[in-house]
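Let's take a walk through this structure together, one part at a time. Please have the sequence and the 3D view open as you read.

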Amino acid sequence: MEILVILIPVSLALGGVGLGAFLWALRNRQFEDPKGDGERVLSDRWDDHPRPDTPPD
Amino acid sequence: MADLSAGHHHRLGACPACDAAPLAQRLAERAEAARPARLVLSLPDAHCALCITSAERALMAHPGVKAARVNLTLRRVTIEAPGLTALDLVPVLARAGHEAHELDPDALVGASADRAGRDLLMRIGISGFAMMNVMILSVAVWSGAEAATRDLFHWISAAIALPTVAFAGRPFFASAWTSLKARRLGMDVPISLALILASAISVFETTQSGHHAYFDAAVMLCFFLLIGRYLDHRTRAIARSAAAELTALEVPRATLISGMVERAVAVADLRPGDLIRVRPGGRIPADGIIAQGRSEIDRALLTGETMPVPAGPGTALQAGEVNLTGPLDLRVTAAGQDSSLARLTALVEAAETARGRYTSLAERAARAYSPAVHLLAFGSFLGWLWGTGDVRLAVNIAAAVLIITCPCALGLAVPAVVTSASGRLFRRGLLIKDGTALERLAEVDTVVFDKTGTLTLGQPLLLTDVPEVLRAPALALAQGSSHPLSRALAEGLEGTIPATVTDLCEHPGQGVSAIWQGQALRLGRADWLGLGPQQDSATLSSWLAVGDQPPLRLDFSDRLRPGAEACIARLKADGLRVILLSGDRAAPVQALAAQLGIEDWRAGISPMGKAAAIATLSDEGARVLMVGDGLNDTAALAGAHASISPASALDAARVASDMVLTGRDLAPVAEALVIARQATRRIRENFAISIGYNVIAVPFAVMGLATPLLAALAMSASSITVTLNALRLNGKAR
């Protein structure tokens, strides 16, 4: 049962990483325009170089 | 500012310079206030990656634009362009092939910065994380962890669950506290009680190395209920932003004349005595008297009349009317609160009060639910205390009852259905502005339509077959005017090459004249061509005269809105009573009613008459759906059980209605009724499902047989069933 001492913190930490990623995405407004983001993938406009400016939200 | 303007009105005309100085200051102040660095434009047509790219590219290429980003979900573009206004950028987008409208950023503030929504999402995320981890530990306990291991798992669960409940449960605690302070038992009181009791009893049991802890139940409750809360919030936010967008669409501007200068100002800033110019095709922004100019006025939105009315100096005009042929200079008599538009708004408010507040299914359920749950939990506590004398056992059982009855499914039952139904309606072209609109729509048994602008488009169609020889000169004349009948004539003669004419001249309020092959050509009103007053007929007409030959009569009819026939037929097939109420003359109304197969029609009805007709129908027990677009319909729209207006409707009408038709097609109206009835059926089914689960699980809890495992199973099973049942609405494409 000693393995629990390692496994439980590991499982909590992994879950925490997922939670952190979710909170980061939320703070960065990744869920503002789901439909537009899906379509933007298809555009080849910024294929050669990244978009220079940060757009307004 | 008010005293400045009051002062200058008295001196108006005496000295243009004195007049211009304070005015310039006023204008400067207005300009200052009305120039944000960030602009929001609505892009109703945007739908794909190409639209995004072309719109952004066009905007970025425009000098002065720093950044532009399209939001496809909201169909909006946010532009950072200091010093530029929407008036500069709308044409840029038009050249790129995008229809764009200015949105009032002030009206959109609440809609775009959805802090509350993100806050709820964050709480969902955290409680979801906690739920998964606590559940892993709980499964271990359920499958037989013993003694020290079980206690350790319970302690870890407590460490995760307690902060989570404290944080994620805050919306429930806050709302429960508010309702308790108001001495009411809202839905959130039993929820909060269950959360607190479950956490407290579990901590106590853990300290006593008890077998049962409900940490997983407390966290799961938070998770499911927050999802319901979030869906509910989103429906509301979308409805609110739709409403805000509609108001913001019409950022009303007027052209103010001061001396020789013309300036665009907001209608809200107009004051009585201001001189404004209204161009042909423009809407009259405020009540006023014509100071200069002749034209014809389209009153359809105010009265439902299809026939334009001639107007000249001295004619009093009302806000909302449309100027057709000649430019008009108007002296404002009443603006803002005093205008006839505002008076109509007051009428709408009165009608809304008369309709009263609608009690939704969810509210009725909550009203019965809260007392029942409290009684049940308290009853089982007393029963077990009296029976065994064991306080710990009695509290444990009361907590189990509260947890099991907790309205996971109930909290999801309505929001899940409303979300999927409004999504489906949106794709069909209907925006819901009010959350209870679906339920009210489902109860409708009578549909009342307005004629002009609702069943018809308010755009005339040429009926007369113009003789071959006259086609070319007629087209040349028609192209010289922007009068709706001229445009209809030009459209009817499409494919003809216009004749070469000279001396083309528009006579505002009368017609158009020109010289063709040495003969005088005239197109216009009967009395202008010297024919005297004509008989009232079902159709609109205009006359075409060549030289001294007898004039040719050109008949037009109002064009039917696409989908109108199908919509009426479907409504009648569904057994609904269809009524046509119009402010127009009897002849055209009768013709339209016959064409669409509406037996019950009334013509020449005043705005009050419409509202009264709706009230009479309601008194007879009918649930009326009003579909209308004009100012004359607003009181009726507000007074009806449910109401729909087309996007082309006047502001006031759209504000007064529950739903707005975004496309030109009328067919979604009939579909909306079907979807609304399906949705209401789903809501009732969901209630039945969640009550069913309770009926099975509650006896176990009261008898003391409930285990945390049973509670978890009942809770998740009922929530998932309810959500799946709601999604069924979306899957069934018709």
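In which loop of chain B does Gln517(B) lie? Look between strand S18 (511-516) and strand S19 (519-524) of chain B, and you will find Gln517(B) in the loop that joins the two in sequence. Keep in mind that what you see is a predicted model.

Gln517(B) is worth a pause for its backbone. Most residues other than glycine have a negative phi. Gln517(B) is not a glycine, yet its phi is positive, at about 50°. This residue counts as exposed because 12 other C-beta atoms lie within 10 Å, and a residue with 12 or fewer falls in that class.

Asp503(B) makes a good companion to it. Here, too, a residue that is not a glycine has a positive phi, this time of about 55°. Asp503(B), however, sits in a strand, namely S17 (residues 502-507) of chain B. Asp503(B) has 10 C-beta neighbours inside 10 Å, so it is also classed as exposed.

Now step back to chain B as a whole. Chain B has 734 residues, and 48% of them count as buried. Its secondary structure comprises 26 helices and 26 strands. If you take the contacts in chain B with a separation of 6 or more, 68% of them link residues 24 or more positions apart.

How far does the predictor trust this chain? The mean pLDDT of chain B is 78, with 84% of its residues at 70 or more. Residues 1-35 of chain B are a stretch to read with care, as the pLDDT there is below 50. Even so, that stretch has 27 contacts in the model beyond near neighbours in sequence. For the model, the scores are ipTM 0.82 and pTM 0.70.

Next, turn to chain A. An unreviewed UniProt entry lists residues 6-26 of chain A as a "transmembrane region". In the model, those residues are 100% helix and 0% strand, and the C-alpha atoms at the two ends are 30 Å apart.

Finally, see how the two chains meet. The contact takes 23 residues from chain A and 24 residues from chain B. On the side of chain A that touches chain B, the elements giving two or more residues are helix H1 (3-27) and helix H2 (34-40). H1(A) gives the most, with nine residues. By type, the chain A side divides into eleven nonpolar, five polar and seven charged residues.

Methods: Residues numbered from 1 in each chain as written. Chains lettered and ligands numbered in written order. Predicted model: local features only at pLDDT ≥ 70, side-chain atom pairs only at ≥ 80, totals over all residues. UniProt positions renumbered as here; feature names shortened; annotations may be inferred. Helix = DSSP H or I, 4+ residues; strand = E, 2+ residues; numbered from the N terminus. Buried ≥ 20, exposed ≤ 12 C-beta atoms within 10 Å, placed from the backbone. Contact = placed C-beta atoms within 7 Å. Nonpolar A, V, L, I, M, F, W, Y, C, P; charged D, E, K, R; others polar. pLDDT = per-residue confidence, 0-100.
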